[in-house]
Amino acid sequence: MATIVLFHHVQGLTPGVQEMAAELRAAGHTVHALDLYAGKLPRDFDAGMRMAGKLTADKIQERVDKLFGKLPEELVYIGTSWGAALAQQCAQQRPGAIAAILLESFVDLDADWSFGPWPENVPVQIHGMDQDPFFAKEGDLEAAQRFVEAEGGDIAQLFTYPGKQHLFTDSSLRSHDPEARALVMERMVKFLQPYV
């Protein structure tokens, strides 16, 4: 089985994020859902952005390192939106990454704020809505398309879904798209099947 670290989005470790963790456990994996907000759940996306903005990089690193000290080196990293950027950073910079799944976000590898090159032989899936104002309209989608084209389908897969909702993969939020989320989960479970 894979050992997965799951990073939540800016609205915290919501029931929807926990449901995703439970579904991945049901598929045979060990999942550690990291709570960077220590139990707090912002009331909406804007409040979540403010809370995320108050967390310093050092504080995030401290909480991440506390968890990783108890885990094996070989990990799968999964995250949604803000959490996807954290998952991507771990996949690119921590030794031992075996795979990554990035939901509703992708950090351009050529950007000034990037995390460096993508590690060799670490497969990744990227999922997002084709009209999402953050994922599709702020450059993530174009960067992901370039990345997939450069890496090839054996390493990188990109899936887009019709719609403009952000955080559509969280079943506990109003932005949830049940049909698209079900397809995301199906593809994630299939992608992770070799590690069961």
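In this predicted model, the lining of the second largest pocket draws at least two residues from each of α3 (57-68) and α4. The residues that line this second largest pocket are F7, A57, I60, Q61, V64, L86, Q89, C90, Q93 and R94.

The largest pocket is lined by 23 residues, and those closest to its centre are A85, S105, V107, E138 and D140. Two or more residues of that lining come from each of α2, α4 and α5 (140-151), and α4 makes the greatest contribution, with 4 residues.

The two pockets are set out below by volume and by the class of their lining residues.

| Pocket | Volume | Nonpolar | Polar | Charged |
|---|---|---|---|---|
| Largest pocket | about 570 Å³ | 14 residues | 5 residues | 4 residues |
| Second largest pocket | about 160 Å³ | 6 residues | 3 residues | 1 residue |

Helix α2, which gives two or more residues to the lining of the largest pocket, spans residues 45-54, and F45, A47, G48 and A52 are buried within it. Viewed down the axis of α2, these buried residues fall within an arc of 155°, so they line one face of the helix. The buried residues of α2 pack against α4 (82-93), whereas D46, G53 and K54 are exposed on the other side of α2. At the N-terminal end of α2, D44 acts as a cap, with a side-chain oxygen 3.3 Å from the backbone nitrogen of D46. Helix α4 therefore recurs in this description, as the element against which the buried residues of α2 pack, and as a contributor to the linings of the largest pocket and of the second largest pocket.

Conventions
Residues numbered from 1 in each chain as written. Predicted model: local features only at pLDDT ≥ 70, side-chain atom pairs only at ≥ 80, totals over all residues. Heavy atoms only, no water. Buried < 20%, exposed > 50% of the residue type's maximum accessible area, 1.4 Å probe, protein only. Arc of directions from axis to C-beta. Contact = heavy atoms within 4.5 Å. Polar contact = N/O pair within 3.5 Å; in protein donor to acceptor, adjacent residues only side chain to side chain. 1 Å grid on protein atoms, 1.4 Å probe; cavity = no way out; pocket = protein on both sides within 12 Å on 5 of 7 lines; lining within 4 Å. Points joined across faces, edges and corners; volume = space filled by probe spheres on them. Nonpolar A, V, L, I, M, F, W, Y, C, P; charged D, E, K, R; others polar.
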